[in-house]
Amino acid sequence: MSRFASETVRALSPYEPGEQPQDRRYIKLNTNESPYPPSPGVLRCLNGDAAAGCRLYPDPVCAGLRDALAAQYGVRRENVTVTNGSDEALNFAFLAFGEDGVRFPDITYGFYPVFAELHREKYQTVPLREDFSLHVEDYGADDAMIVIANPNAPTGMALPRSAIEALVQAHPNHVVLIDEAYVDFGGESAVPLTQKYDNLLVVQTFSKSRSLAGARVGYAIGCEALIRDLETLRYSTNPYNINRLSLCAAEIAVREQPYYDDRCRQICETREAARQALTGLGFEVLSSRTNFLFARHPAIAGQRLYQELKERGVLVRHFSQPRIADFNRITIGTPEDMAAMLGLLEEIIHEKR
Ligand code: PMP
């Protein structure tokens with residue numbers, strides 16, 4: 001830290017992203033990326049016109065992508081803003097709507113407290129129940145913004161749309177932000193409710209179900225006034241927040257949605273097979289509507305299992321936070337990746353005995 005650093009910088013504990021090691025090839029099951037490549041049209045566009053167009057700034061309105069998303073979700077362009085990864089949408093939303101404070105679960109996406117601290121907002125964590133389930137009636141009075149990842153991460157568990165609606169109705173004077181980064185793997189989206197409630201903001205991403213984590217594209221859907229607030233922040237920071245290549249890739253990805261639907265179906269099938277196999281090895285596995293499984297074994301500590309897998313060339317994600325230190329989050333890879341990972345787990349567990 002320099003002697004010039006502001007108090008905000010001094011007080012920050014930044015978010016720690018999952019490892020992206022460059023030292024050797026791992027079977028990478030640690031950051032919830034898709035194991036499948038982007039669709040054929042996306043690959044074609046990146047090799048041709050879009051690259052040539054990089055001489056020019058991108059469209060600051062992002063009209064093409066917003067219209068494509070609006071058509072996909074049955075809303076209007078004015079109900080959609082696009083951002084540099086959904087992290088940027090979350091950042092803007094905390095800044096725009098968190099002034100009275102923010103409330104979110106004790107076990108959830110680790111970036112939420114960082115955004116609150118960055119913007120010097122008070123935040124309160126609400127414990128998930130013993131079985132890691134989330135109950136909307138635990139979210140207290142209508143005196144703070146509420147942020148819920150649905151499905152939640154890293155647990156993978158999901159709430160039905162009716163529960164989200166009850167939460168939105170119980171907090172009419174504050175924004176309820178639903179982070180749907182993983183919704184395409186079997187969750188129920190709250191997007192239709194944005195047409196009915198002016199305090200609901202839904203955030204989604206191209207990073208998981210659309211194989212574009214490296215392109216950094218996310219978006220938020222809500223009523224026109226909420227979106228205008230986020231656009232004000234976008235134009236006050238970087239109106240060119242999505243580069244030309246990513247804009248083009250994302251727009252084509254929306255048009256090629258059936259390709260991604262097939263991939264999501266495959267990932268869900270692989271997930272269910274992996275869940276059964278893990279259960280067979282003695283793991284406790286939480287129910288998942290995402291592209292990952294959250295699992296613990298009664299005989300091996302979470303950190304130890306993470307380390308043993310890493311030494312054998314498989315990366316998973318371990319969090320040392322108290323209630324979940326015995327778990328690991330395992331991203332769903334290809335069936336071959338999963339078979340290799342399961343084989344190694346069997347070996348590790350066998351050695352323990
Ligand atoms: N929300 C949740 C719950 C996540 O797990 C992630 C991925 N780290 C994000 C948002 C951000 O994803 P991205 O910025 O790549 O869209």
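## Reasoning from values to terms

Trainee: Pro154 lies in the loop that runs between strand 5 and helix 7. What kind of peptide bond joins Ala153 and Pro154?

Mentor: This is a predicted model. In it, omega between Ala153 and Pro154 is about 5°, and the bond is cis.

Trainee: Which other proline of that loop should be considered, and what is the omega of the bond from Asn150?

Mentor: Pro151 is also found between strand 5 (145-149) and helix 7 (161-170). The peptide bond from Asn150 to Pro151 has omega near -5° and is cis.

Trainee: What makes the backbone of Arg120 worth noting?

Mentor: Arg120 is not a glycine, yet its phi is positive, at about 55°. Arg120 belongs to the loop between helix 6 (111-118) and strand 4 (123-126).

Trainee: How many helices and strands does the protein chain have, and how do you know how compact the chain is?

Mentor: The chain has 12 helices and 12 strands. Its radius of gyration is 20 Å, close to the 20 Å from the globule rule for 353 residues, so the chain is as compact as a globular protein of that length. Along the principal axes, its C-alpha atoms fill a box of roughly 60 × 50 × 50 Å.

Trainee: Which residues are around the ligand?

Mentor: A residue counts if one of its heavy atoms lies within 4 Å of the ligand. Those around the ligand include Gly85, Ser86, Asp87, Leu90, Tyr109 and Asp179, as well as Lys208 and Arg216. Helix 5 (residues 85-97) gives the most to this shell, namely four residues. The shell divides into four nonpolar, four polar and four charged residues.

Trainee: Why is the pair formed by Asp179 and the ligand called a polar contact?

Mentor: An N or O atom in the side chain of Asp179 is 2.6 Å from a nitrogen atom of the ligand. The cut-off for a pair of N or O atoms is 3.5 Å, so the pair qualifies as a polar contact. Ser86 has a polar side-chain atom 2.7 Å from an oxygen atom of the ligand. A polar side-chain atom of Arg216 likewise lies 2.7 Å from a ligand oxygen atom.

Trainee: How much of the ligand's accessible area does the protein cover, and where does the ligand sit?

Mentor: On its own, the ligand has 410 Å² of accessible area, of which the protein covers 91%. The ligand sits in the largest pocket.

Conventions: Residues are numbered from 1 along each chain as its sequence is written. This is a predicted model: local features need pLDDT of at least 70, side-chain atom pairs count only at pLDDT 80 or more; totals for chains, interfaces and linings use all residues. Side-chain values use heavy atoms; hydrogens and water are left out. A polar contact is a pair of N or O atoms within 3.5 Å; within protein, one must be able to donate a hydrogen and the other to accept it, and residues adjacent in sequence count only if both atoms are side-chain atoms. Accessible areas come from the Shrake-Rupley method with a 1.4 Å probe; for residues, only the protein chains shown count as cover. On a 1 Å grid over the protein atoms alone, a cavity is a set of points where a 1.4 Å probe fits but cannot get out, and a pocket is an open set with protein on both sides within 12 Å along at least five of seven lines; lining residues have an atom within 4 Å of a point. A molecule sits in a cavity or pocket if more than half of its atoms lie within 2 Å of its grid points. Helices (H or I, at least four residues) and strands (E, at least two) are DSSP runs, numbered from the N terminus. Ala, Val, Leu, Ile, Met, Phe, Trp, Tyr, Cys and Pro count as nonpolar, Asp, Glu, Lys and Arg as charged, and the others, Gly among them, as polar. The radius of gyration is taken over C-alpha atoms; the globule rule is 2.2 Å times the number of residues to the power 0.38.
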